[in-house]
Amino acid sequence: MMKIGIAGGIGSGKSYVCQRLQQRGYEVYDCDSAAKRLIRTSPEIREQLTRLIGPKTYDTDGRLNKAAVSQFLLASADNQKAINDIVHPAVFRDFEESGMEWMESAIMYESGIYRLVNRVIVVTAPLEIRIQRVMQRDHLSRKKVLEWIGRQLPQEEVVSRADFELINDGEADIEQQLNKIIEQCNRPF
């Protein structure tokens with residue numbers, strides 16, 4: 001079974017492309033949503049995060065204390081790696097168990113989940129368009145958006161590692177690009 005990953009930096013429009021795929025009848029596994037769900041529901045993750053971060057990781061009702069986790073996460077690269085080492089393997093297993101062929105991940109290469117797919121499509125957009133999209137969507141300052149973009153692999157590096165680039169600049173025809181990519185993905189290696 002051909003497995004295809006969809007990558008792209010913040011504001012590139014990868015979620016929009018995934019919506020277009022879903023309209024075509026393709027089920028797309030969303031790694032970000034899965035991670036949030038697993039952090040909420042997995043007793044194993046809950047135990048490991050609590051051991052790592054401390055008793056304030058979850059409140060008395062079992063809800064994640066986002067402020068405590070964010071504070072820990074942003075304190076150092078080692079802290080971020082420690083959380084990722086707990087969450088990423090759980091997401092990898094969940095994707096494999098899902099039986100889905102398509103997967104969306106903002107951190108395809110950073111997390112290593114690209115190893116679970118046969119082909120990677122990267123959704124790209126010019127930097128200024130990405131900044132404007134995120135500022136409008138998340139009501140963030142330009143400075144904060146640039147910080148988030150700066151934490152991700154450069155778009156050019158992701159393009160160089162991916163099998164396909166899908167341009168989402170508001171002008172390029174998304175459907176036409178998807179048709180071509182899907183046709184090429186259905187060909188034998």
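Q: Which residues of α4 are exposed on its other side, away from the buried ones?
A: On that side of α4, K66, A67, Q71 and L74 are exposed, where exposed means over 50% relative accessible area, buried under 20% and partly exposed in between, with a 1.4 Å probe and protein chains only. This is a predicted model, in which local features need pLDDT of at least 70 and side-chain atom pairs count only at pLDDT 80 or more, while totals for chains, interfaces and linings use all residues. Residues are numbered from 1 along each chain as its sequence is written, and side-chain values use heavy atoms, with hydrogens and water left out.

Q: And which ones are buried in α4?
A: In α4, which spans residues 66-75, the buried residues are A68, V69 and F72; helices here are DSSP runs of H or I with at least four residues, strands are runs of E with at least two, and both are numbered from the N terminus. Viewed down the α4 axis, the buried residues lie within an arc of 95°, so they line one face of the helix, the arc being that of the directions from the helix axis to the C-beta atoms.

Q: What covers them?
A: The cover over the buried residues of α4 includes α3 (43-53) and α5 (77-98), with contact meaning heavy atoms within 4.5 Å.

Q: Since α3 came up, how does α2 pack on α3?
A: Helix α2 (residues 31-41) packs with α3 at an angle of about 80°, their axes being 6 Å apart; axes are lines fitted to C-alpha atoms, for helices over the stretch in contact, and angles run from 0 to 180 degrees between N-to-C directions. That makes α2 roughly perpendicular to α3, given that 65 to 115 degrees counts as roughly perpendicular, under 35 as roughly parallel, over 145 as roughly antiparallel and the rest as oblique.

Q: Which residues make that contact?
A: From α2 they are L38, I39, R40 and T41, and from α3 they are P43, I45, R46 and L49.

Q: Switching to α1 and α10, at what angle do they cross?
A: The axes of α1 (residues 14-23) and α10 (residues 174-185) cross at roughly 70° and come within 11 Å, which makes α1 roughly perpendicular to α10. The contact involves Y16, V17, R20 and L21 of α1 together with I174, E175, L178 and I182 of α10.

Q: One last thing, what is the phi of H139?
A: H139 has a positive phi of about 55° although it is not a glycine, and H139 sits in the loop between α7 (127-138) and α8 (142-151). With 69% relative accessibility, H139 counts as exposed.
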